[in-house]
Amino acid sequence: KAWNTSGNITVGDVGNGMPLTWTFAPAQFYITEIFLVPGMSYEQIKFWGRFPSFVFGILAIGLMGILVARMRTMSEPTIGAGLAMTFMALSWQNIIYSAQMESYSIGVFAVAILLLALQYILDRGKEGRLNGWGIGLLLGGLAMCQYQLLIFYPGFIIAIMYGDSGNANWKDRFRFLAQIGVGFCLLAVPFVFAMLWSHWVGNTGIIWNAGPQGEFMLGSGESSIAGYAIGVAKVLAIFPYVLEAMLSPVAEDSIFLPLLRWVCLILFLVGIWSVARDKERKKRAILVFTISLVATWLALLIARKVTLSPTRHSMVLTPVFVMFVTVGVVHVIEIVKNSVARKNIALVVVFGWLGLFATTASAELSRRQDPFDELSLAMKIVGDQADLVVGKFPNSPFFMPLLASKYPVIEDRWHLPESVFRLSTINSNLMI
């Protein structure tokens, strides 16, 4: 069952795994429900509620290794696999949201699955197109993990058509696309579009991720082609920051961050160039997929339905970033002809990335300690001789036995006169 922000179950939320007012896709919350049961303590809820995100985060690391190793754009796939897994595993954005209940980690996992599915279909040719129904159901299931997967689907279909050009007649292609469409709608209509529609109409997914001055989206002032071109150019100028934010192994206040930003951009562009110059059409199809993804994202930017921001809302792009940056690194490494030397250089890159990660890891982890420690709060309450506990985002006190069993716990302090209780600030979200 799903608790809304007041800690209560609302009628429309039962069976959906989450409140319908949220912009999260439902899949992960169905899974989370399996692990959460009534009567759990705050610490138990934290652990088991975050467990699915942790699992999806770990799986995404392994999937990226498999994906890059199977690309066959490099002479030594194991080097590419190791590098891709390193970049994914040491991304602070990925680490942070692999330890949260929110469904961002599952989005990264879903995109990795989508890329592997595209790779499989392209490699198998006609045989890979036999089960359009199954592919459609897969696309529907992935969209249930993260609504942003829908942005990837035009490129997915176009890349398949491009990679298989000349090997199938139009009748077979139409049948294949029709099967995908029907299979997709079986899951997408009840579990995606029905929940997404109100958010699409109301733009409820665009809030602080638009930036302090709205710099991460197109504003309302663009009314001409020139105006839109300028707006798009401004948003694209943010791209290096988005790329760095998704891949960075250092904290945002690190002195290494500006250099890393441009290193990542150069390697990303080298990776794109490496794939573009491949003579095999099926391998170039991944670039067609990426170009279509960019076009779709730009169209939605112009329609003011999405942002391009260096925040968790761009995490679905991480597998694409990791893939091309890894290919770029491997392309540079393969300038060296000696196999042993190439492996040694790859190890230097891996340990160098680990070294960068170590420069800010301790400080970053200490900043992310949960201040809601049950024993400390209980001691604070006893010391202050509090009469009751009032929570306002989060609802943590409700699930702390040392607090809830001995003191009245009220959800909303704004509805109470201050004369009712002795006030002592622990932080801006919890008063006693």
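**Figure 1. R304 in the loop between α12 and α13 of the predicted model.** R304 counts as partly exposed, with a relative accessibility of 24%. This value places R304 outside the buried class because buried means under 20% relative accessible area. The backbone at R304 has a positive phi of about 60°, although R304 is not a glycine. Most residues other than glycine have a negative phi.

**Figure 2. A285 and its contacts in helix α12.** A285 is part of helix α12 and has a relative accessible area of 0%, so this residue is buried. Neighbours within four places in sequence are left aside in this view; beyond them, A285 is in contact with L122, A159, Y162 and G163. F156 is also shown: the C-alpha atoms of A285 and F156 are 9.3 Å apart, while the two residues are separated by 129 residues in sequence.

**Figure 3. Lining of the second largest pocket.** The volume of this pocket is about 360 Å³. Its lining consists of 16 residues, and those nearest the centre of the pocket are L236, F239, F268, V294 and F321. Two or more lining residues come from each of α11 (257–276), α12 (281–302) and α13. Of the elements, α12 gives the most, with 8 residues. By class, the lining of the second largest pocket holds 15 nonpolar residues and 1 polar residue, and no charged residue.

**Figure 4. Helix α13, residues 318–333.** Helix α13 has 16 residues. From the first C-alpha to the last, α13 reaches 22 Å, close to the 22 Å expected at 1.5 Å a residue. The helix is mostly covered, with 14 of its 16 residues buried. α13 is also among the elements that give two or more residues to the lining of the second largest pocket.

**Figure 5. The whole chain, as context for the close-up views.** The predicted chain contains 16 helices and 4 strands. Of its 432 residues, 50% are buried. Among contacts with a separation of 6 or more, 73% are between residues 24 or more positions apart. The chain exposes about 20,600 Å², and carbon and sulfur atoms supply 67% of this area.

How values were computed
Residues are numbered from 1 along each chain as its sequence is written. This is a predicted model: local features need pLDDT of at least 70, side-chain atom pairs count only at pLDDT 80 or more; totals for chains, interfaces and linings use all residues. Side-chain values use heavy atoms; hydrogens and water are left out. Buried means under 20% relative accessible area, exposed over 50%, partly exposed in between (1.4 Å probe, protein chains only). Contact means heavy atoms within 4.5 Å. Accessible areas come from the Shrake-Rupley method with a 1.4 Å probe; for residues, only the protein chains shown count as cover. The expected span of a helix is 1.5 Å times one less than its number of residues. On a 1 Å grid over the protein atoms alone, a cavity is a set of points where a 1.4 Å probe fits but cannot get out, and a pocket is an open set with protein on both sides within 12 Å along at least five of seven lines; lining residues have an atom within 4 Å of a point. Grid points are joined across faces, edges and corners, and a volume is the space filled by probe spheres set on the points. Ala, Val, Leu, Ile, Met, Phe, Trp, Tyr, Cys and Pro count as nonpolar, Asp, Glu, Lys and Arg as charged, and the others, Gly among them, as polar.
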